[in-house]
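User: I am new to this structure and would like to learn how to read it step by step. Could we go through its features one at a time, with the general idea before each case?

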Amino acid sequence: MDHDDRRRALARAAVDAVAASGLDGVKLSDIARAAGVTTGALAHYFADKDAVLAAALEEVCSRLLLRLEADGARIRIEDIANALPLDKASMKDWRVWLAYWGRAPFSESLRAIHQQYYQEIEDALTAGIAKASKTPRFVAAAIIAAVDGVGTRATLEPEAWPPERQRALLSTLLGPLFAGLKFKPA
C-alpha cells in the first residue's frame, strides 16, 4: 500500500471513530484501533490529531461529491438524493459532517474547511444545472439547503426518517425547483 492509500485508509478509520464517538470523544487510540494500527503509525502519516480529523472530513466530502455525480450532464433529484444518509455508510458520513458542522461556528479553521467543501458541492451542482437555469448558483444553494435539512433530520432521528421518507420529502422540496429547469434533450 502506498503512502496516499495508507493515509486514506487511516482517514476512513477516523471517519468510523468520529461517527461512533464524536469529535470531542474520539481519541487517537480509537482511530488507531479502528485502523488496526498503533498510534505511532498514525503519527507517521499525520502531524497531530487535528490533521487526522481534517483527513476524516476530507474523506467524507470526497465520498459526498462522488455520490452527487450526475448520470451524464443532466442532474436529477435522484442523483441529489444519493447525498442523503440512506444507508449505514452514508449515515456515518453525515454523523461526521454534523460533528464538524456543530463546531464550525466557533472555529475559524473548521469554518474555512466547511466553506471550502460547500463551495465544491455548490460548484458541482451548478455545473450540473448550468445550461438549464438562468440562476444556477441560486438553484444549487437551494438544493444544498434542502439536502442539509432532510439529511440533518434523518441523522438526528434515523428511526423516523427511513430512506423512502427522505427521498419523498426531498422530491417534494425540489420538484417545483426542477420543474422550472429547462434541460435540453440529450
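User: Which residues does Arg 12 touch, not counting residues up to four places away in sequence?

Analyst: A word of care before the case: this is a predicted model, and what follows is computed from it. To read a contact, one looks for partners that are not simply neighbours along the chain. Arg 12, found in helix α1, touches Glu 59 and Arg 63 once residues up to four places away in sequence are set aside. Its relative accessibility is 34%, which lies between the cut-offs of 20% and 50%, so Arg 12 counts as partly exposed. Distance in space can be read as well: Arg 12 and Ala 179 are 167 residues apart in sequence, and their C-alpha atoms are 38 Å apart.

User: Before more residues, how many helices and strands does the protein chain have?

Analyst: The protein chain has 9 helices and 0 strands, and read along the sequence it follows the pattern α-α-α-α-α-α-α-α-α.

User: How should I read the overall dimensions, and what radius of gyration does the protein chain have?

Analyst: The idea is to compare the radius of gyration with the value expected for a compact globule of that length. For 186 residues that expected value is near 16 Å, and the protein chain has 18 Å, which agrees. Along its principal axes, the C-alpha trace spans about 55 × 35 × 35 Å. Two percentages add to the picture: buried residues make up 43% of the 186 residues, and among contacts between residues at least 6 apart in sequence, 62% join residues at least 24 apart.

User: Which residues touch the most other members of the largest nonpolar core?

Analyst: A core is read by asking which members have many partners and which elements supply them. Here the largest nonpolar core holds 57 residues, and Ile 80, Trp 97, Leu 125 and Ile 143 touch the most other members. The element that gives the most to this core is helix α4, residues 49-68, with 10 residues. Taking Ile 80 as a case, and leaving out residues up to four places away in sequence, its contacts are Leu 68, Ile 75, Leu 125, Ile 143, Val 147, Leu 170, Leu 174 and Phe 178.

User: Is Leu 57 buried or exposed?

Analyst: Leu 57, which is found in helix α4, has 0% relative accessibility and therefore counts as buried. Beyond its neighbours within four places in sequence, Leu 57 is in contact with Trp 97, Tyr 100, Ile 113, His 114 and Tyr 117. Its C-alpha atom is separated by 7.5 Å from that of Val 15, although the two residues are 42 apart along the chain.

User: How is the packing of two helices described?

Analyst: Two packed helices are described by the angle between their axes and the distance between those axes. In the case of α4 and helix α7, residues 108-129, the angle is about 10 degrees and the axes are 10 Å apart, which makes α4 roughly parallel to α7. On the α4 side the contact is made by Leu 57, Glu 58, Cys 61, Leu 64, Leu 65 and Leu 68, and on the α7 side by Ile 113, His 114, Tyr 117, Glu 120, Ile 121, Ala 124 and Leu 125. By class, this contact has 10 nonpolar, 1 polar and 2 charged residues.

User: At what angle do the axes of α6 and helix α8 cross?

Analyst: The axes of α6 and helix α8, residues 136-156, cross at roughly 105 degrees and come within 10 Å, so that α6 and α8 are roughly perpendicular to each other. Met 91, Trp 94, Arg 95, Trp 97, Leu 98 and Trp 101 of α6 meet Val 147, Asp 148, Gly 151, Thr 152, Ala 154 and Thr 155 of α8. These residues divide into 7 nonpolar, 3 polar and 2 charged.

User: Why does Asp 93 count as buried?

Analyst: The reading rests on relative accessibility and its cut-off, rather than on the kind of side chain. Asp 93, placed in helix α6, residues 88-103, has 2% relative accessibility, under the 20% cut-off, and so counts as buried. Not counting residues up to four places away in sequence, Asp 93 touches Val 15, Val 60, Arg 63 and Arg 67. Glu 122, in helix α7, can be read in a similar manner: at 17% relative accessibility, Glu 122 counts as buried.

How values were computed
Residues numbered from 1 in each chain as written. Predicted model: local features only at pLDDT ≥ 70, side-chain atom pairs only at ≥ 80, totals over all residues. Heavy atoms only, no water. Core = buried A, V, L, I, M, F, W, Y, C linked by side-chain atoms within 4.5 Å. Buried < 20%, exposed > 50% of the residue type's maximum accessible area, 1.4 Å probe, protein only. Helix = DSSP H or I, 4+ residues; strand = E, 2+ residues; numbered from the N terminus. Contact = heavy atoms within 4.5 Å. Axes fitted to C-alpha atoms, helices over the stretch in contact; angles between N-to-C directions. Parallel < 35°, antiparallel > 145°, perpendicular 65-115°, else oblique. Nonpolar A, V, L, I, M, F, W, Y, C, P; charged D, E, K, R; others polar. Rg over C-alpha atoms; globule rule 2.2 N^0.38 Å.
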